[in-house]
Amino acid sequence: MKTLARPPQSDAPGERTLAFLGDCADFSDAVPVPHVAGRLVRVSGLVMEAIGVKLPLGSMVKVSQGGGQAVEAEVVGFSGEKVFLMPYSEPAGLMPGARVEAAYDPLPPPRYGEHNHPWRRAEDRTRTLPVGWELLGRVVDANGRALDRLPEPDCRERRPLRARPMNPIERAPVEEVLDVGVRALNGLLTIGKGQRIGLFAGSGVGKSVLLGMMARYTEAEVIVVGLIGERGREVKEFIEHILGEEGRRKAVVVAAPADCPPLLRLQGAAYATTIAEYFRDQGKQVLLMMDSLTRYAMAQREIALAIGEPPATKGYPPSVFAKLPALVERAGNGEEGGGSITAFYTVLSEGDDQQDPIADNARAILDGHVVLSRQLAEQGHYPAIDIEQSISRVMNQVVSREHARIALDMKKAISNYQRNRDLLAVGAYVQGSDPAVDSAIANWPLIEAFLRQDLGECSRYADTTGHLGAIVSRFRR
C-alpha cells in the first residue's frame, strides 16, 4: 500500500492541494465537493426555483429564512442557470431571496486505509437512510423517523436510496415455491421466491385484506410493507387489524400517506425497497408489499408536470414509465445462495379499467398478475381473485408436473362453469350436452369452497395441493 506523503510546502494553496492529491493513491478519483449557496427566486405550486446553486440532480439542499425557518428540498431539474427544487414539506413562510445551500447527510466512517479528508468521493455524499434489524416491528415514515410513538430506531447502518442496478446474469433463477398461506395463490397461481407480482384491483375489493393474509401466513423471514399514497386512516387499520401482532413482529412498515408531498411518496417507495435489499443481502427471504404502485406513479407525474415535462399517455409524462421498471427491477433474487425479495405491488385500476396506462405498463414489467374482481367481492366471495384473468408466469418453473396438471384441470373447470353461468341462471342449460360442463356444475360447491378463505384461516402449501388433488380427482370419475 502506498504511503501518504506530506504535501510539499509551497506558497500557492492550489499547488499544495494538487500535489497532495497527486500523492494520495486512495484519492485518485476524488472530487472536491464545495460548499454551494444561492438564493430562492420563485415558488410556483410544488416547485421552487433558485439561482446561484450548481448541484447535480438528486442533491439535497436546505432553504433557510431569517428567524430559523428552514425547508429541506431536492434538486429535481434545471434550466440554464435556474435550478428546480422540490420541497419535502410545506414551504410556508419562505420569501424571495431565501438562502439556498447544499445539505449533505453525515459522511460514513472512512474505509480501511482511507483518511477522513474533506475531499471524499462524491457518491459518498448522496442521501442515505437507516437500515438494520432494529427496524423489525417498527412503523417509520419516508425519512426513517418513528411513527409508532416509540423511541427512534437506533440503526447502526445507513444505505443510499438509489442502489446500483444488479447484473441480471448474476441473479439466481426463480426455482423455489414461496408459501403465502392463501389457497387460491398456493394452488392455482403459485408464487416463486424472487417473483414480482402485480395485484390489480379497484377500490374496495379487498386488496389490503389479501396483503394482510399473506403477511400473517407467509413463510418469508422478513416482511417489508410500503404504504405509499394511501389514506392516512388506513395506515393504523392495516397495522392493527389486518397485519396483526403475528405479522408485525417480523415486519417493517414504511408509511407515506396521501397528504405527504410527492417527493416523500417517491422516497417512501425507494426506502421500503432499500430496507428489503438490506435483508436480502443478509441472506433472508423477504416479502415486499407495496400499496400502491399507482400512487407512486402519480407522485412522479406531479413532479414531472410541475417542472415542465410534457404529458404523454393519458397525462402521464415519459419519466413515469422509466421510473416504474427502475423501482421494480430492484426486487427479485440475489446472487446464487443468497436471499431473495418476493414483491407484491398493488395497482389501482380506475373504474376497474384494466387498460389503464399504469396497469398496462405494470403487466409488462412484472412476473405475473393477480386480478381482484368487483363482481366476486359484491357476492361476498373473498379473496375476490379472478382466476381466469390472473396468471403466475413462473408457476411451471417452481411446481411439480403433477401439480401443474391438476391446477390446469381446475382452471378448465372454473372456465367451463363461468362460460355457462348465464345459461344456468335462466335455466337454459341442458344437462348432458357437455360432460365437462356437467362435471364443473356438479363440483362447483367444492370449487367455490376451495377458492374462498377467511382472514383468520391459513392454508399451507402442502395441504393446498392435497386438497386441490382431491377435488380434481372427482372430475375424472
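## Why these words apply

Colleague: Phenylalanine 279 lies in helix H5 (residues 262–281). What makes a stretch count as a helix or a strand?

Modeller: Helices are DSSP runs of H or I with at least four residues, strands are runs of E with at least two, and both are numbered from the N terminus. H5 spans residues 262–281, so the minimum for a helix is met. Please keep in mind that this is a predicted model: local features need pLDDT of at least 70, side-chain atom pairs count only at pLDDT 80 or more, and totals for chains, interfaces and linings use all residues. Residues are numbered from 1 along each chain as its sequence is written, and side-chain values use heavy atoms, with hydrogens and water left out.

Colleague: How confident is the prediction, as pLDDT puts it?

Modeller: pLDDT is the predictor's confidence in each residue, from 0 to 100. The chain has a mean of 84, and 86% of its residues reach 70 or more. Among the elements, helix H1 (residues 13–23) has the lowest mean, 40, and helix H2 (residues 183–188) the highest, 96. Over residues 1–33 the pLDDT is below 50, and this stretch has 40 contacts in the model beyond near neighbours in sequence. Residues 106–125 are also below 50, with 38 such contacts. A contact means heavy atoms within 4.5 Å.

Colleague: Back to phenylalanine 279: why is this residue called buried?

Modeller: Buried means under 20% relative accessible area, exposed means over 50%, and partly exposed is in between (1.4 Å probe, protein chains only). Phenylalanine 279 has 0% relative accessibility, so it counts as buried. Leaving out residues up to four places away in sequence, phenylalanine 279 touches Gly132, Trp133, Leu136, Val222, Val252, Lys284 and Val286. With tryptophan 133, the C-alpha to C-alpha distance is 8.3 Å, across 146 residues of sequence.

Colleague: Is glycine 283 buried, exposed or partly exposed, and how do you know?

Modeller: Its relative accessible area is 36%, which means that glycine 283 is partly exposed. Glycine 283 sits in the loop between H5 and strand E13 (285–291). Apart from neighbours within four places in sequence, glycine 283 is in contact with Glu221, Gly338 and Gly339.

Colleague: What about serine 64, and why does that residue count as buried?

Modeller: The value for serine 64 is 18%, so the word is buried. Serine 64 belongs to strand E3 (residues 60–64). Beyond four places in sequence, the contacts of serine 64 are Gln69, Ala70, Ala98, Arg99 and Glu101.

Colleague: What makes the pair of serine 340 and glutamine 285 a polar contact?

Modeller: A polar contact is a pair of N or O atoms within 3.5 Å; within protein, one must be able to donate a hydrogen and the other to accept it, and residues adjacent in sequence count only if both atoms are side-chain atoms. The two side chains come to 2.4 Å, so the pair passes the distance limit. Serine 340 lies in strand E15 (residues 340–348) and is buried, because its relative accessible area is 2%.

Colleague: How do you know what counts as a pocket?

Modeller: On a 1 Å grid over the protein atoms alone, a pocket is an open set of points with protein on both sides within 12 Å along at least five of seven lines, whereas a cavity is a set where a 1.4 Å probe fits but cannot get out; lining residues have an atom within 4 Å of a point. Points are joined across faces, edges and corners, and the volume is the space filled by probe spheres set on them. By that account, the second largest pocket holds about 430 Å³. It has 20 lining residues, and Val139, Leu147, Asp148, Val235 and Ala255 are the closest to its centre. Helix H4 (residues 232–248) gives the most to this lining, with 6 residues.

Colleague: Why does arginine 149 count as exposed?

Modeller: Arginine 149 has 86% relative accessibility, so exposed is the right word. Its phi is near 60°, a positive value in a residue other than glycine. Most residues other than glycine have a negative phi, and most peptide bonds are trans.

Colleague: Which kind of peptide bond runs from tyrosine 382 to proline 383?

Modeller: That bond is cis, with omega near -10°. A cis bond also joins aspartate 291 and serine 292, where omega is about 15°.
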